[in-house]
Amino acid sequence: MATLPFSDIMRVASERTRSRIVLALDLQNDDREALTERCNETLESVAKYICAVKINRQLVLALGLPAVSQIVREAHEQSLPAIMDAKLNDVGHTNSFMMEAYVRAGFDAVIASPITGWEGGMDAVFEIARREDRGVLLLAYMSNPGAEHFYSMITRVGDEQRPIFESFTQMAIEWRADGVVAGATRPEIIKRIRSLVGSSMEIYSPGVGTQGGDGRRALCNGADYLIVGRTIYGAENPSIAARDLYESMK
Ligand code: 3DU
């Protein structure tokens, strides 16, 4: 992919297909060859209805990074950016090893968790991302029901009290992240995050469909991109499912 800022790479891809759908390619199969084939087939069959692909660690575990890197290449051949959902959250030196590996595999952006803080944690991720022209998306609020126990936890910052997801959003702004991730299952949280980031940052929203999130509501409340997995790849015909979702988002 070109060396544009990641948000521009996404905008170009999204304008080309007129889609805001990021496919979560979370397929599974014990047979590695069959799994690779299905990933490539799924990608090809839905490419015109999506704007990017997101890969999770479970695919890296199943296939190994060299094989995943081939899938990233397939995505790039279809002019689709590839996001690594690594949820990076370790100390700096191991974050560096992981980030360097995902860069070498060709990913355009990596998802990380701001929970480590900057020094000796996220600084390593951002340093490599900036050097290599890659994006970093920060987790602001997960989509699962239990997420509220932690992401809505009230924290004290100076004299002020605020839920921790607002602090994460603030960190994303300060660290000049390329986007934040907030679940479609909580449109009111997306709205709040949008009010904090203004127009300066993209919001990526997982949890559409199978997890109960409504894509249209997420978009209306300020999300820019919808991350969708099972609703597409779990359908009898992923291409038709992707087309239906694409049409319903117009
Ligand atoms: O529920 P789906 O099958 O559409 O998958 C959602 C994807 O988004 C999946 O890859 C998961 O790892 C990711 N994700 C969430 O579901 C929720 C989050 O808060 C962050 C990422």
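Partly exposed here means a relative accessible area between the buried limit of under 20% and the exposed limit of over 50%. With 42% relative accessibility, Asp-133 therefore falls in the partly exposed class. The close-ups below all come from a predicted model.

**Close-up A. Asp-133, a non-glycine residue with a positive phi.** Let's start in the loop that joins α6 to β5, which is where Asp-133 sits. Its phi is positive, about 55 degrees, even though Asp-133 isn't a glycine. For background, most residues other than glycine have a negative phi.

**Close-up B. Arg-176, in the loop ahead of β8.** Here's another positive phi outside glycine: Arg-176 comes in near 55 degrees. Look for Arg-176 in the loop between α8 (164-174) and β8. Is Arg-176 buried or exposed? Arg-176 is exposed, because its relative accessible area is 61%.

**Close-up C. Strand β8 and its two pairing partners.** Zoom in on β8, which covers residues 179-182. Gly-179 and Val-181 point to one side, Val-180 and Ala-182 point the other way, and all of them are buried. That fits the usual picture, in which side chains of a regular strand alternate between the two faces of the sheet. β8 pairs with β5 (residues 135-141) in the parallel sense, over four bridges. One of the residue pairs to pick out is Tyr-141 with its bridge partner Ala-182 in β8. β8 also pairs with β9 (residues 203-206), again in the parallel sense, this time over two bridges. There, Val-181 has Tyr-204 of β9 as its bridge partner.

**Close-up D. Arg-186, a buried arginine and its contacts.** Move on to the loop between β8 and α9 (187-197), and you'll find Arg-186. Don't look for this arginine out on the surface: Arg-186 has 10% relative accessibility and so counts as buried. Which residues does Arg-186 touch, once neighbours within four places in sequence are set aside? The contacts are Tyr-141, Met-142, Ser-143, Asn-144, Pro-145, Ala-147 and Glu-148. Take Tyr-141 from that list: Tyr-141 and Arg-186 are 45 residues apart along the chain, yet their C-alpha atoms are separated by 8.9 Å.

**Close-up E. Helix α5 and what packs against it.** This view follows α5 along its 13 residues, from 92 to 104. From first C-alpha to last, α5 reaches 18 Å, close to the 18 Å expected at 1.5 Å a residue. Which residues of α5 are buried? They are Gly-92, Asn-95, Ser-96, Met-99, Ala-101, Tyr-102 and Val-103. A handy rule when you read the helix: there are 3.6 residues a turn, so residues three or four places apart point the same way. The buried residues of α5 pack against three helices, α3 (57-63), α4 (65-77) and α6 (118-131), as well as strands β3 (82-88) and β4 (109-112). After α5 comes Gly-106, with a positive phi near 100 degrees.

**Close-up F. A nonpolar patch that includes Phe-150.** Ile-115, Phe-150 and Met-153 together make a nonpolar surface patch of about 250 Å². Phe-150 belongs to helix α7, residues 148-151. With a relative accessible area of 30%, Phe-150 is classed as partly exposed.

**Close-up G. The salt bridge between Glu-166 and Arg-192.** The structure holds 13 salt bridges, and this is one of them. The closest N and O atoms of Glu-166 and Arg-192 are 2.8 Å apart. Why does the pair tie together separate parts of the chain? Glu-166 is in helix α8 and Arg-192 is in helix α9, so the bridge links parts 26 residues apart in sequence. The Glu-166 end is buried, at a relative accessible area of 12%, while the Arg-192 end is partly exposed at 34%.

**Close-up H. Other charged pairs, from buried to exposed.** Asp-85 bridges to Lys-87, with the closest N and O atoms 3.0 Å apart. Asp-85 counts as buried, since its relative accessibility is 5%. Now swing over to Lys-250 and Glu-247, a salt bridge whose closest N and O atoms are 3.5 Å apart. Lys-250 is exposed at 63% relative accessibility, and Glu-247 is partly exposed with a relative accessible area of 42%. Finally, Asp-8, Arg-11 and Glu-15 are joined in a network of salt bridges.

Notes. Residues numbered from 1 in each chain as written. Predicted model: local features only at pLDDT ≥ 70, side-chain atom pairs only at ≥ 80, totals over all residues. Heavy atoms only, no water. Expected span 1.5 Å × (residues − 1). Buried < 20%, exposed > 50% of the residue type's maximum accessible area, 1.4 Å probe, protein only. Contact = heavy atoms within 4.5 Å. Patch = residues over 30% accessible without salt bridge, like charges linked within 9 Å, V, L, I, M, F, W, Y side chains within 5 Å. Areas by Shrake-Rupley, 256 points an atom, 1.4 Å probe, with all protein chains shown as cover. Salt bridge = Lys/Arg side-chain N within 4 Å of Asp/Glu carboxyl O. Pairing = 2+ DSSP bridges.
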